[in-house]
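The following report goes through a predicted model, beginning with strand pairing and moving on to helices and to the place where two chains meet. Please keep the sequence and the structure in view while reading.

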Amino acid sequence: MKNIILSAIAVAITMVSCNQKNKQEETVNSETSKPETATVKVNPTSFSIKEIVTNYLSLKNALTKDDSNATADAGKALVETLGKIDMKKLSGEQMKTYMDIADDVKEHAEHIGDNAGNIAHQREHFVLMSKDINDLIKTFGTEQKLYQDFCPMADEGKGAIWISELKDIKNPYFGSEMLTCGSVRKEF
Amino acid sequence: MQLYQPARNLGYRQDITANFTKVYNVPKNVKNILRTSCYDCHSNYTNYPWYSNIQPARFLMESHIKEGKENLNFNEWGNYSSRKQKNKLDRIVKEIKSNEMPLASYTLIHKNAILSSSQKQEVMNWIEKTSDSLSSKY
């Protein structure tokens with residue numbers, strides 16, 4: 001009797017789990033075939049990270065204002081932008097560098113987007129994201145004047161950088177608590 | 001409802017070359033700690049308890065595992081870019097240090113997954129050492 005019950009359960013499990021897989025595939029397909037509502041324009045003549053930097057800066061500015069919800073929104077916008085970047089203009093080596101960095105930026109942006117209300121967690125990811133953005137700018141350049149700022153107290157006292165379009169210090173790691181803490185380390 | 005049994009996380013078709021333990025030379029004690037306290041949700045192989053056959057336990061479990069694997073999968077470590085590997089190591093230390101991981105809802109039932117402070121220190125020391133040796137490569 002016990003065996004019969006067990007095998008019945010086993011059959012049920014396999015049947016349902018197979019269904020489950022198909023369902024998952026279906027949803028994935030319908031997502032990818034959704035028409036894209038593109039608002040981000042990528043310069044058609046040359047590859048540019050301008051849109052990524054713009055999104056990053058608005059995320060940074062939301063953090064300086066201690067606005068967790070706006071930070072999350074900016075994170076989501078950044079994820080969207082990353083999905084639309086056209087990599088066709090990149091050479092093989094460049095593409096590898098770009099994808100390495102962008103993949104990481106995307107992960108941090110997703111976490112920041114998912115953590116509205118938890119600004120401490122958002123800032124943790126912002127430490128790593130800022131390093132990525134710094135490397136992107138180093139590799140692909142910027143038309144806009146940008147500054148690399150440094151706050152020695154961020155990241156639990158280890159210190160962390162951020163990228164800013166402003167010459168004046170506005171600290172995204174502490175916001176109103178210590179808005180002017182930090183210094184310009186480098187100009188791009 | 002009890003018939004809803006999503007596919008189990010029992011990693012058939014594994015690519016063992018991407019395993020965390022293949023990428024690094026992980027000392028045995030650290031390996032054991034990671035296996036006991038992390039792998040149920042952060043690998044392709046979950047050690048399912050008996051009540052995993054009962055809903056809604058199963059449902060909750062699978063959603064945790066799915067999310068856990070998305071964020072960190074020790075069996076896919078080798079497929080992460082070196083940048084990502086370094087960041088993940090740093091994040092693991094942060095999660096352990098701040099007691100966010102292992103999840104309280106997990107250790108509530110899996111008492112053996114609770115990390116003692118010496119176990120935490122062991123894992124964190126090793127990870128920090130590994131992470132530092134990586135950063136010198138940049």
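## Strand pairing in chain A

Gln148(A) stands opposite Lys186(A), a residue of strand E3(A). In that strand, Phe150(A) has Ser183(A) opposite, and the bridge partner of Asp149(A) is Val184(A). Taken together, E1(A) and E3(A), the latter formed by residues 183-187 of chain A, are joined by four bridges and run antiparallel. Strand E1(A), residues 147-151, is also joined to strand E2(A), residues 160-164, by five bridges, and these two strands run antiparallel as well; here the bridge partner of Tyr147(A) is Ser164(A).

## The sheet and the helix packed on it

The three strands form an open sheet in the order E2-E1-E3 of chain A, with antiparallel pairing. Because E2 and E3 of chain A stand at the edges and each has a single partner strand, one side of each is left without a neighbour in the sheet. On average, and with direction ignored, neighbouring strands of this sheet are turned by 35° against each other.

Helix H5 of chain A, which comprises residues 119-140, packs on the sheet and touches E1 and E2 of chain A, its direction making about 55° with that of E2(A). As for E3(A), this strand is hardly covered, the count of buried residues among its five residues being zero.

## Chain A as a whole

Chain A holds five helices and three strands, and its elements, read from the N terminus on, follow the order α-α-α-α-α-β-β-β. Of the 188 residues in chain A, 29% are buried. Among the contacts in chain A that join residues at least 6 apart in sequence, 61% are between residues at least 24 apart.

One of the helices, H3(A), spans residues 68-84 and has 17 residues; the distance from its first C-alpha to its last is 25 Å, close to the 24 Å expected at 1.5 Å a residue. Its buried residues are Ser68(A), Thr71(A), Ala72(A), Ala74(A), Gly75(A), Leu78(A) and Thr81(A). These buried residues of H3(A) pack against helix H2 (50-64), H4 and H5 of chain A.

## Where a helix of chain A meets a helix of chain B

Two packed helices are described by the angle between their axes and the distance between the axes. For helix H4 of chain A (residues 92-114) and helix H5 of chain B (residues 82-97), the axes come within 8 Å and cross at roughly 30°. H4(A) and H5(B) are therefore roughly parallel to each other, given that angles under 35 degrees count as such.

Which residues of H4(A) meet residues of H5(B)? On the side of H4(A) they are Asp100(A), Ile101(A), Asp103(A) and Asp104(A), and in H5(B) they meet Arg83(B), Lys84(B) and Asn87(B).

## Helix H4 of chain B

Helix H4(B) has 15 residues, 57-71, which at 1.5 Å a residue should span 21 Å, and its end C-alpha atoms are indeed 21 Å apart. Its buried residues are Met61(B), Ile65(B) and Gly68(B). They cover an arc of only 70° around the axis, and therefore lie on the same side of H4(B). An α-helix has 3.6 residues a turn, so residues three or four places apart point the same way.

What covers the buried residues of H4(B) includes helix H3 of chain B, residues 39-42. The face of H4(B) turned away from its buried side carries the exposed residues Leu60(B), Ser63(B), Lys66(B), Glu67(B) and Glu70(B).

## Thr107 of chain B

Is Thr107(B), a residue of helix H6 (residues 104-107) of chain B, buried, exposed or partly exposed? With 16 other C-beta atoms within 10 Å, Thr107(B) is partly exposed, because a residue counts as buried at 20 or more such atoms and as exposed at 12 or fewer.

Leaving aside residues up to four places away in sequence, Thr107(B) touches Pro102(B), Ala113(B) and Ile114(B). Asn75(B) and Thr107(B), in turn, are 32 residues apart in sequence and, from C-alpha to C-alpha, 22 Å apart in space.

Methods
Residues are numbered from 1 along each chain as its sequence is written. Chains are lettered from A and ligands numbered from 1 in the order in which they are written. This is a predicted model: local features need pLDDT of at least 70, side-chain atom pairs count only at pLDDT 80 or more; totals for chains, interfaces and linings use all residues. The expected span of a helix is 1.5 Å times one less than its number of residues. The arc is that of the directions from the helix axis to the C-beta atoms. Two residues are in contact if their C-beta atoms, placed from the backbone, lie within 7 Å. Two strands pair if DSSP finds at least two bridges between them. Axes are lines fitted to C-alpha atoms, for helices over the stretch in contact, and angles run from 0 to 180 degrees between N-to-C directions. Angles under 35 degrees count as roughly parallel, over 145 as roughly antiparallel, 65 to 115 as roughly perpendicular and the rest as oblique.
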